[in-house]
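Let's walk through this one from the inside out. Keep the viewer open and follow along.

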Amino acid sequence: QVGLVESGGGSVQARGSLRLSCSVSEVTFRRDGRVSCLAWFRQGSGEERERVAAISPTGATMYAEYVKGRFTISKDNKNLYLQMNTLQVSGAGSYYCAEASQYLDYCPVRTWNYDIWGQGTQVTVSP
């Protein structure tokens, strides 16, 4: 594992679903993932990269308002996941997994707080 590696992106029609995965076990082990947040960010064309969801070392989850009730972030000892249901056209873009070290009870919102980034996986949503 060279770093965070996303997979699961693709093309889906509006109201459809996708499940993204991010291989994190090796990275979190080496960087003490027990005190690291894991998060998913989305960046649309011409837009700033924004946090979609995050999960703390204790399992607490946080979501952007526009995905609440539709997306679910989870993790196991190998991967970070993002289950995306009822996708909208506005949800298209590049999705990145990221890690922010030295956090326990909450996860930061801004990109500059995250230390390690994946290369991104593309999600296209057709109307």
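Start at alanine 53, which, once neighbours within four places in sequence are set aside, is in contact with Leu38, Ala39, Trp40, Met62, Tyr63, Ile73 and Leu82; contact here means heavy atoms within 4.5 Å. Alanine 53 sits in strand 5 (residues 50–55), where strands (E, at least two residues) are DSSP runs numbered from the N terminus. Its relative accessible area is 0%, so alanine 53 is buried. Buried means under 20% relative accessible area, exposed over 50%, and partly exposed in between, using a 1.4 Å probe and protein chains only.

A word on what you're looking at: this is a predicted model, in which local features need pLDDT of at least 70 and side-chain atom pairs count only at pLDDT 80 or more, while totals for chains, interfaces and linings use all residues. Residues are numbered from 1 along each chain as its sequence is written, and side-chain values use heavy atoms, with hydrogens and water left out.

Trp40, one of the contacts of alanine 53, also turns up in the largest nonpolar core. That core has 23 residues, and those with the most contacts inside it are Trp40, Phe71, Leu80, Leu82, Met84 and Tyr95. A nonpolar core is a set of buried Ala, Val, Leu, Ile, Met, Phe, Trp, Tyr and Cys residues joined through side-chain atoms within 4.5 Å. At least two residues of this core come from each of strand 3, strand 4, strand 5, strand 7 (71–75), strand 8 (79–84), strand 9 and strand 11 (121–126). There is also a second, separate core of 10 residues, including Cys37, Ala100, Tyr103 and Cys107. In soluble globular proteins, nonpolar side chains tend to be buried together.

Now for a charged residue on the inside. Tyrosine 95 has Glu6 among its contacts, along with Leu20, Phe41, Val52 and others. Glutamate 6 belongs to strand 1 (residues 5–7). What is the nearest side chain of opposite charge to glutamate 6? It is arginine 49, 7.4 Å away, and glutamate 6 is buried yet has no salt bridge. A salt bridge needs a side-chain nitrogen of Lys or Arg within 4 Å of a carboxyl oxygen of Asp or Glu. Look at the backbone instead: the side chain of glutamate 6 reaches the backbone nitrogen of glutamine 119 at 3.0 Å, and a polar atom of that side chain lies 2.9 Å from the backbone nitrogen of glycine 120.

Glutamate 6 also touches Cys22 and Cys97, which brings us to the disulfides. There are two of them, a disulfide being a pair of cysteine sulfur atoms within 2.5 Å. Cysteine 22 is joined to cysteine 97, S to S 2.0 Å. Cysteine 22 lies in strand 3 (residues 18–23) and cysteine 97 in strand 9 (residues 93–101), so this pair ties together parts that are 75 residues apart in sequence. The torsion about their S-S bond is about 60°, so this disulfide is right-handed.

The other disulfide joins cysteine 37 to cysteine 107, S to S 2.1 Å. Cysteine 37 is in strand 4 (residues 36–43) and cysteine 107 in the loop between strand 9 and strand 10 (116–117), so the pair ties together parts that are 70 residues apart in sequence. With -90° about the S-S bond, this link is left-handed. Cysteine 37 is buried at 0% relative accessible area, and cysteine 107 counts as buried at 5%. Number the bonded cysteines in sequence order and the pairing is 1-3, 2-4.

Methods
Helices (H or I, at least four residues) and strands (E, at least two) are DSSP runs, numbered from the N terminus. Lys and Arg count as positive and Asp and Glu as negative; His and the chain ends are not counted. A polar contact is a pair of N or O atoms within 3.5 Å; within protein, one must be able to donate a hydrogen and the other to accept it, and residues adjacent in sequence count only if both atoms are side-chain atoms.
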